[in-house]
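Reader: Can we go through this one together? I'd like to start with what sits around the ligands.

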Amino acid sequence: MVLEGQVALNEFIDIASALNQGTEKLQTASETPRLDAELILARALDVPRSYLFAHPEDMLDPAASARFFDVTARRAAGEPMAYITGEKEFWSMTLMVTPDTLVPRPETELLVERALMLLGRRATLRVLDLGTGSGAIALAIARERPLCEVVATDVSDAALAVARQNARQLDLGNITFACGDWIEPVADQRFDLIVSNPPYVRASDPALAGLAHEPASALVAGEDGLDDIRRIAASAGSVLAEGGHLLLEHGSDQQDAVAEVLREHQWVDIECIRDLAGQPRVSIARKRGG
Ligand code: SAM
Ligand code: GLN
């Protein structure tokens, strides 16, 4: 009886009340509960978000109400907004994302920024992005450096399909894709710069509980989170020009361990830069020579 009563109440609800109820349900799951509720309701009603503010007294029809509360429940259970809307902003691009791709993070823009500095404005160089996911890093570089040729790889065919779709959407002709295990699909090629945001989370990291909707294969890298960084540090030099740079994103507490791995594999001029939150986030190394 109580349940029926609730359904009946939800079925005849206006926009303002739906937003209030939705915001309430998202308090613990989201840092932006009101905004999320607005985005979910706008999609459920198929209207722009601004419509909600202009028509707070409009009644939801039962189907729209059901859509709104279903999706709100998914969000309340921890699903990222990016999977709900199917898109995420990165480097001023709207990228398609699916549960096969990591949701691009704002801190990864630091890696893009430093790669662009190293490339210079008029560069005609070849760039490799290892583990491209939605294509975020590779697409940003390809767009900002139209004279460069970018190759983006991933071991996941499903992720590459999303990255290819994003490249088409952005109408980028200077990017190609290859599927395989780290440098294996490009072993016969040569690059001037290599970038990667590989998986780097420890298998036992309690933070993984909050990332359960994203592919574990995009996040987890063995006991110490360094398995993939070790493999890239060991192999990337073989497809990089002498004097070329390798840029790696990593965890905020991995700076020293990453520097040690890089040194072990003969990388030089190792440096680490901090993200906007002040955390060590991207390590840069150079291949000898050049
Ligand atoms: N570059 C994207 C970004 O910054 O949003 C995605 C980064 S995500 C942390 C790591 C990516 O590496 C995932 O897309 C995953 O599929 C890919 N990956 C994992 N293991 C790999 C491997 N052995 N070879 C190539 N790519 C791999
Ligand atoms: N920055 C991501 C997180 O901690 C991890 C991404 C990665 O493993 N490369 O949520």
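**Around the ligands**

Author: Sure. This is a predicted model. Around ligand 2 you find Arg105, Glu107, Asn197, Pro198, Pro199, Tyr200, Val201, Leu211, Ala218 and Leu219.

Reader: How many of the residues in that shell are nonpolar, polar or charged?

Author: The shell of ligand 2 has 7 nonpolar residues, 1 polar and 2 charged.

Reader: What does the side chain of Arg105 have 2.9 Å from an atom of ligand 2?

Author: An N or O atom. Its partner is an oxygen atom of ligand 2.

Reader: And Asn197? Which atom of ligand 2 does its side chain face?

Author: A nitrogen atom. A polar side-chain atom of Asn197 sits 2.7 Å from it. Leu219 uses its backbone: an N or O atom there is 3.5 Å from an oxygen atom of ligand 2.

Reader: How much of ligand 2 does the protein bury?

Author: 85%. On its own, ligand 2 exposes 300 Å².

Reader: New topic: ligand 1. Which residues are closest?

Author: Gly131, Asp154, Asp181, Trp182 and Asn197, out of 17 residues that surround ligand 1. By class, that shell has 8 nonpolar, 7 polar and 2 charged residues.

Reader: Which atoms of ligand 1 pair with Asp181 and Trp182?

Author: Nitrogen atoms. For Asp181, a side-chain N or O atom is 2.7 Å away from one. For Trp182, a backbone N or O atom is 2.8 Å from a nitrogen atom.

Reader: Where does Asn197 come in here?

Author: A polar atom of the Asn197 side chain is 2.9 Å from an oxygen atom of ligand 1.

Reader: And how much of ligand 1 is buried?

Author: The protein buries 95% of the 600 Å² that ligand 1 exposes when taken alone.

Technical notes
Residues numbered from 1 in each chain as written. Chains lettered and ligands numbered in written order. Predicted model: local features only at pLDDT ≥ 70, side-chain atom pairs only at ≥ 80, totals over all residues. Heavy atoms only, no water. Near = heavy atom within 4 Å. Polar contact = N/O pair within 3.5 Å; in protein donor to acceptor, adjacent residues only side chain to side chain. Areas by Shrake-Rupley, 256 points an atom, 1.4 Å probe, with all protein chains shown as cover. Nonpolar A, V, L, I, M, F, W, Y, C, P; charged D, E, K, R; others polar.
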